[in-house]
Amino acid sequence: QVQLVQSGGGSVQPGGSLRLSCAASGYAASYSATAWFRQAPGKEREVILCISSGRGISYYANSVKGRFTISRDNGGNMVNLEMNSLQPTDTAVYYCATKNYYCSDRETEYTSWGQGTQVTVSS
């Protein structure tokens, strides 16, 4: 099984930037995808974007296009979420999650999850 440990997060002012990281350990399939989800207070968890080993980056939330990007390093075992131009509506608990093969917008298809980290955007 893959274990995911998140780091980063915190509080920033509107217009600021923040980076979240997701480190994977344990067994991993040769082809995999890692997505970032977020859950704002009082709202359902939503998938925002994803990266796969074979098909690149997929954006699922239009609100983050042009502001957020996802990248991989350390041989694919570290996935980063770079968030720019943050707004109060981005305030949420952010989760990374992985699945085999390709990206999906279906939460139930992801098999490993990070612990979540709080991002707060306020003045």
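**Aromatic pairs and an open sheet**

The count of aromatic pairs in this predicted model comes to 5. One of these pairs joins Tyr-95 to Trp-113 in an edge-to-face arrangement, with 6.4 Å from centre to centre and 80 degrees between the planes. This pair links distant parts of the chain, since Tyr-95 belongs to strand β9 (residues 92–100) and Trp-113 to strand β10 (residues 112–113), with their positions 18 residues apart in the numbering.

How exposed or buried are the two partners? Tyr-95 has a relative accessible area of 16%, and because anything under 20% is classed as buried, Tyr-95 counts as buried. Trp-113, in contrast, reaches 26% relative accessibility and is therefore partly exposed.

Trp-113 also has a ring partner in Tyr-110. Here the ring centres lie 6.5 Å apart and the planes meet at 65 degrees, so this pair is edge-to-face. Planes over 60 degrees apart are what earns a pair that label. Tyr-110 is buried, with a relative accessibility of 4%. Taken together with Phe-37, the residues Tyr-95, Tyr-110 and Trp-113 make up one aromatic cluster.

A charged residue joins the picture too. Which rings does the charged end of Arg-45 sit over? One is the ring of Tyr-95, whose centre is 4.9 Å from that charged end. Another is the ring of Trp-113, where the distance to the centre is 4.2 Å. Arg-45 thus has its charged end over Tyr-95 and over Trp-113, two members of the aromatic cluster.

Attention now turns to a sheet. Strands of a sheet pair through backbone hydrogen bonds, and this pairing can be parallel or antiparallel. In the model, 4 strands form an open sheet with antiparallel pairing, in the order β1-β3-β8-β7. Why do β1 and β7 each have one side without a neighbour in the sheet? The strands β1 (2–8) and β7 (68–73) stand at the edges, and each has a single partner strand, so one side of each is left free of a neighbour in the sheet. On average, neighbouring strands of this sheet are turned by 20 degrees against each other, if direction is ignored.

Within this sheet, strand β3 (residues 18–26) runs antiparallel to strand β8 (residues 78–83), and 6 bridges join them. Among the residues involved, Leu-18 has Met-83 of β8 as its bridge partner.

Methods: Residues are numbered from 1 along each chain as its sequence is written. This is a predicted model: local features need pLDDT of at least 70, side-chain atom pairs count only at pLDDT 80 or more; totals for chains, interfaces and linings use all residues. Side-chain values use heavy atoms; hydrogens and water are left out. Two strands pair if DSSP finds at least two bridges between them. Helices (H or I, at least four residues) and strands (E, at least two) are DSSP runs, numbered from the N terminus. Axes are lines fitted to C-alpha atoms, for helices over the stretch in contact, and angles run from 0 to 180 degrees between N-to-C directions. Rings of Phe, Tyr and Trp (its six-membered ring) pair if their centres lie within 6.5 Å; planes under 30 degrees apart count as stacked, over 60 as edge-to-face and the rest as tilted. Buried means under 20% relative accessible area, exposed over 50%, partly exposed in between (1.4 Å probe, protein chains only). A charge sits over a ring if NZ of Lys or CZ of Arg is within 6 Å of the ring centre and within 35 degrees of the ring normal.
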